[in-house]
Amino acid sequence: MTVAELAEKLELKIHSGKNGLGREVTGGYVSDLLSDVMGNADTGQVWITLQTHKNVMAIASLKDLAAVILVSDNRPEEDTAIQSNEEEIPILGTSLPTFEISGKLYELLKK
Amino acid sequence: MNQFRADLHVHTVLSPCGDLEMSPAAIVETAARRGIDILGIADHNSTRHGPLISKLAQKKGIFVLCGAEVTTREEAHCLAFFENFEILAAFQQYLDSHLPNIKNNPRYFGHQVVLDEDEMIVEQEERLLISGLNQSLDQVEEEVHRLGGLFIPAHIDRPKYSLTSQLGFVPQGIKADALEISRFTTPEQISEQFPWIASYTFIRSSDAHHPDAIGSGITIFEMEHRSFDEIRMALHRIDNRSTHIERH
């Protein structure tokens, strides 16, 4: 599944990084501690978080993640969105809290 | 130039995790006994004990930097210090308007009390002070600097409530007046890990929550005399002023 398909199925907003919507999604990872994501997330995963700092994008590109989903109507900070466009890793958004969007993503990916 | 021994990160009984023995009077007594010249008072998200400690410390010849240890929205702890009580009060208003209204339960988190110089309770802070503000790291930094304050991310090497734990690594280009490290690392070690911070000034402090720990981390300031401006100049190494971490 591509990020674009995932965004459509989960009704996500696309905040930035449109050029990366063709990335292939291999799984998901949920954490708000960036040190944890840096250590434990895998390439191709979609990362669900409430953090919006620009370091989010540095870690997403370091780990070559497929996309980031910001929960609870959080929006990326300006420099975070700029980096998302540059790295072509989309930042998506939802008004759902972490538990609910994680459940939906899990259902979608386990098929 | 003169040398001054500074411990810039001391909590009081107002911090929920601060020991009940951390009264303003006891802190000043201990700091004086341990030869501390400059004391930074930094309770979690509150500046309210600073002015009294400043007054008590003056009698012992100790200079006090008043401020707080702010919890940003990312839950990264950052020290913030201000030049005078008026600006401190303005920053207190900022804290009050951005701290979530969650009631403290002393059973779980500890008491949050403001004392007078006779160690009598004059006020109990009802809101839980260890919550994160609804302000990002960058927003807090902007507000501290707008008020002419000093902004120093705390214990940046630690696995809890630090830039590295919450944000993975120290953000490049962060507008900090200094970076605080714990006793578990050195400026050389952490600069090896994050080469882009090698040119920052590093301080070490105690992060004391009980009297025994006061002075367990010391930064030496080399400057003309003790004032907010001189401290700022030393942190930025202006006109031959400088700082270095005291060896154990």
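The legends below walk through several close-up views of this predicted model.

Residues are numbered from 1 along each chain as its sequence is written, and chains are lettered from A and ligands numbered from 1 in the order in which they are written. Local features need pLDDT of at least 70 and side-chain atom pairs count only at pLDDT 80 or more, while totals for chains, interfaces and linings use all residues; side-chain values use heavy atoms, with hydrogens and water left out.

**View 1. The interface of chain B and chain A.** Here 14 residues from chain B meet 16 residues from chain A, where contact means heavy atoms within 4.5 Å. Together the two chains bury about 1100 Å², and 44% of this lies on carbon and sulfur atoms. Buried area is the accessible area (1.4 Å probe) that two parts lose on being put together, summed over both. On the chain B side, B:R73, B:L167 and B:F169 provide 40% of the area that chain B buries against chain A, more than any other three residues. The number of salt bridges between chain B and chain A is zero; a salt bridge is a side-chain nitrogen of Lys or Arg within 4 Å of a carboxyl oxygen of Asp or Glu. Seven residue pairs are in polar contact across this interface, both residues being at pLDDT 80 or more. A polar contact is a pair of N or O atoms within 3.5 Å; within protein, one must be able to donate a hydrogen and the other to accept it, and residues adjacent in sequence count only if both atoms are side-chain atoms. Helices α5 (137-146) and α6 (163-167) of chain B each give at least two residues to the side that touches chain A. Of the elements there, α6(B) gives the most, with four residues. Helices (H or I, at least four residues) and strands (E, at least two) are DSSP runs, numbered from the N terminus.

**View 2. Helix α4 of chain A and its two sides.** Look for A:T80, A:A81, A:Q83 and A:S84, which are buried. Buried means under 20% relative accessible area, exposed over 50%, and partly exposed in between (1.4 Å probe, protein chains only). Seen down the axis of α4(A), the buried residues fall within an arc of 160 degrees, so they line one face of the helix. That arc is taken from the directions from the helix axis to the C-beta atoms. These buried residues pack against β1, α3 (55-62) and β5 (91-93) of chain A. On the other side of α4(A), A:E78 and A:E86 are exposed. Just after the helix comes A:E88, with a positive phi of about 55 degrees.

**View 3. A:D73, a loop residue paired with a strand.** A:D73 sits in the loop between β4 (67-70) and α4 (78-87) of chain A, and forms a salt bridge with A:K13. Their closest N and O atoms are 3.3 Å apart. The pair links distant parts of the chain, as A:K13 lies in strand β1 (residues 13-16), 60 residues away from A:D73. Both are partly exposed: A:D73 has a relative accessible area of 45%, and A:K13 has 39%. A:D73 also has a positive phi, near 65 degrees, though it is not a glycine.

**View 4. Salt bridges within helices.** The structure holds 14 salt bridges over all chains, and two of them are framed here. In chain A, A:E107 pairs with A:K110, with 3.4 Å between the closest N and O atoms. The two are three residues apart in helix α5 (residues 98-110), which means they are separated by about one helical turn. A:E107 is partly exposed at 40%, whereas A:K110 is exposed at 54%. In chain B, B:R232 and B:D229 meet at 3.7 Å, N to O. They too lie three residues apart, in helix α8 (residues 228-235). Elsewhere, salt bridges that share partners join B:R48, B:D96, B:E125 and B:R127 into one network.

**View 5. Cysteines of chain B.** Over all chains the structure holds zero disulfides, a disulfide being a pair of cysteine sulfur atoms within 2.5 Å. For B:C17, the nearest cysteine sulfur is that of B:C78, 16 Å away. B:C17 is partly exposed at 37% relative accessibility. The sulfur of B:C66 is 19 Å from the closest cysteine sulfur, in B:C17, and therefore too far for a bond. B:C66 is buried, at 4%.
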